[in-house]
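Here are some short exercises for you to work through with the structure open beside you. Try each task before reading its solution.

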Amino acid sequence: MSLEFHPDKKPEVKIVDEKVFYPGKLSVDGFLASGEKLNEVIARDRATCERLGVTPKQIGEAIEKILKENEGDLFEVSRETWRGMQECPFDKNLTPFSNQDFIITNKQTGESFGGSGLIIHLSKEHSFFEGNTKYRVEPEDAIRVLFGKT
């Protein structure tokens, strides 16, 4: 079991079954690599966000805005859409964009990052960017590409 934290609002504690985050449970690739601890991954990513002055929620909102606008003046988006939607391992919600993989490129710098559309919900609602998995979004990469901060 692990604790769920919400940095953008008064801390709320919710018990989460960490086992569903591992490969082969809710997702073939999983949300955490075998042996990773959910609370440690979240704490490490929160520390990165805090150091760079951007919240996980702001990252999720920025990704969502760019995907909704389908690019914009500053960003180029490539995406692949899948038939099924991926449910959130925290609350089992199906969310917009959870059936898409994306790559966002900053047109000015040429830098990019990619991930699953579920990262919008995971970062906004759970401060989670996934563990050492195929779909992990490194907060530092997203902040550099989206906000120009390093």
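Three exercises follow, on confidence, aromatic pairs and helix packing.

This is a predicted model, in which local features need pLDDT of at least 70, side-chain atom pairs count only at pLDDT 80 or more, and totals for chains, interfaces and linings use all residues. Residues are numbered from 1 along each chain as its sequence is written, and side-chain values use heavy atoms, with hydrogens and water left out.

**Exercise 1. Find which elements have the lowest and highest mean pLDDT.**

Step 1: Start with the average, which is a pLDDT of 87 for the protein (the predictor's confidence in each residue, from 0 to 100). A score of at least 70 is reached by 88% of the residues.

Step 2: Go through the elements (DSSP runs numbered from the N terminus: helices, H or I, at least four residues; strands, E, at least two). Strand β1 (residues 2–3) has the lowest mean, 36, and helix α4 (residues 139–147) the highest, 97.

Step 3: Look at residues 1–7, where the pLDDT is below 50; this stretch has 32 contacts (heavy atoms within 4.5 Å) beyond near neighbours in sequence. Where pLDDT is low, the predicted coordinates should not be read in detail.

**Exercise 2. Classify the ring pair Phe90 and Phe128.**

Step 1: Apply the rule: rings of Phe, Tyr and Trp (its six-membered ring) pair if their centres lie within 6.5 Å, and planes under 30 degrees apart count as stacked, over 60 as edge-to-face and the rest as tilted. The count comes to five aromatic pairs.

Step 2: The centres of Phe90 and Phe128 are 5.6 Å apart and the planes are at 80°, so this pair is edge-to-face.

Step 3: Place the partners, 38 residues apart: Phe90 is in the loop between β3 (75–81) and β4 (100–106), and Phe128 is in the loop between α3 (118–126) and α4.

Step 4: Check burial (buried is under 20% relative accessible area, exposed over 50%, partly exposed in between; 1.4 Å probe, protein chains only). Phe90 is buried at 6%, and Phe128 is buried at 0%.

Step 5: Ring pairs link Phe90 and Phe128 with Phe21 and Phe31 into a cluster.

**Exercise 3. Describe how α2 and α3 cross.**

Step 1: The axes of α2 (residues 56–69) and α3 come within 7 Å and cross at roughly 150°.

Step 2: Helix α2 is therefore roughly antiparallel to α3 (angles over 145 degrees; under 35 is roughly parallel, 65 to 115 roughly perpendicular, the rest oblique).

Step 3: List the residues that meet: among them are Ile59, Ile63 and Leu67 in α2, and Ile119, Ile120 and Ser123 in α3.

Conventions
Axes are lines fitted to C-alpha atoms, for helices over the stretch in contact, and angles run from 0 to 180 degrees between N-to-C directions.
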